[in-house]
Amino acid sequence: WRVAARGFASEFQEIIKPERKWKQRWDEVQEKIKDQKDIAEAAGVYQPNINWFPGHMFKASHEMEEILSKSDVSLVLEIRDARIPFSSANPMIDNLLKDYKKRRIIVLNKSDLSNPRLQRNLANRRTFA
């Protein structure tokens, strides 16, 4: 029984050996990254990589600006979610419309899913941009 247990233990050690090497390598890489961050922070040049603005949004905003600047569009339809009409507004659209002096109509989508009381309150307002 003991011989079998020793055999199993040595087999188990062989199985987890690559995992230990991987863990050790991972720890080394993390330590190097931490050292590089510490050096950059000390030099005042470290900026964490936070990307909250995906590429498709960046591309769309530039395309909108290009269209507004080159065309004779006088009215823009802005579609918002009726469940969250103020939160679903894009402030970049506000800035673009002001810069190019364009008017807009705000269309509320998914109104069948929104709060009826909110719908009544919005219907009584002339503007809510």
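Mentor: Before we look at any loop, recall that helices here are DSSP runs of H or I with at least four residues, that strands are runs of E with at least two, and that both are numbered from the N terminus. Keep in mind as well that this is a predicted model.

Trainee: How many helices and strands are in the protein chain, and what pattern do they follow?

Mentor: The protein chain has four helices and two strands, and read along the sequence they give α-α-β-α-β-α.

Trainee: Where does K101 lie, and what makes its phi worth a remark?

Mentor: K101 sits in the loop between helix 3 and strand 2. Most residues other than glycine have a negative phi. K101, although not a glycine, has a positive phi of about 55°.

Trainee: Why is K101 called exposed?

Mentor: Exposed requires a relative accessible area over 50%, and K101 has 72%, so the word applies.

Trainee: What can be said of K110 in the same terms, and why is it called partly exposed?

Mentor: K110 lies in the loop between strand 2 and helix 4, which covers 116-124, and its phi is positive too, at about 65°, although K110 is not a glycine. Partly exposed is the class between 20% and 50%, and K110, at 38% relative accessibility, therefore belongs there.

Trainee: How do you know that D81 and R83 form a salt bridge?

Mentor: The cut-off is 4 Å between a side-chain nitrogen of Lys or Arg and a carboxyl oxygen of Asp or Glu. In D81 and R83 the closest N and O atoms are 2.6 Å apart, and the pair is a salt bridge. As general background, side chains of opposite charge can pair when their charged atoms come close.

Trainee: Is D81 buried or exposed, and why?

Mentor: Buried means under 20%, and D81 has 17% relative accessibility, so D81 counts as buried. R83, with a relative accessible area of 38%, is partly exposed.

Trainee: What makes R104 and D94 a salt bridge, and which parts does that pair tie together?

Mentor: The closest N and O atoms of R104 and D94 are 2.7 Å apart, which is within the 4 Å limit. R104 belongs to strand 2 (residues 103-109) and D94 to helix 3, so the pair ties together parts that are 10 residues apart in sequence. R104 itself is partly exposed, with a relative accessible area of 22%.

Trainee: Which residues are linked with R104 in a network of salt bridges?

Mentor: The network links E78, R80, D94 and R104. Within it, E78 and R80 form a salt bridge with their closest N and O atoms 2.9 Å apart, and both E78 and R80 are buried. The structure holds five salt bridges.

Trainee: E78 also helps to line the second largest pocket; which elements give two or more residues to that lining?

Mentor: The lining consists of M64, I67, L68, V73, L75, V76, L77, E78, I93, L96 and L97. The elements that give two or more residues are helix 2 (55-70), strand 1 (75-81) and helix 3 (91-99), and strand 1 gives the most, with four. The space in this pocket is about 150 Å³.

Trainee: How do you know which classes of residue make up that lining?

Mentor: Val, Leu, Ile and Met are among the residues that count as nonpolar, whereas Glu counts as charged. The lining of the second largest pocket has 10 nonpolar, no polar and one charged residues, and E78, being a Glu, is therefore the charged one.

Trainee: What share of the protein chain counts as buried?

Mentor: Of its 129 residues, 13% count as buried. The protein chain exposes about 11300 Å², of which carbon and sulfur atoms supply 56%.

Key:
Residues numbered from 1 in each chain as written. Predicted model: local features only at pLDDT ≥ 70, side-chain atom pairs only at ≥ 80, totals over all residues. Heavy atoms only, no water. 1 Å grid on protein atoms, 1.4 Å probe; cavity = no way out; pocket = protein on both sides within 12 Å on 5 of 7 lines; lining within 4 Å. Points joined across faces, edges and corners; volume = space filled by probe spheres on them. Buried < 20%, exposed > 50% of the residue type's maximum accessible area, 1.4 Å probe, protein only. Areas by Shrake-Rupley, 256 points an atom, 1.4 Å probe, with all protein chains shown as cover.
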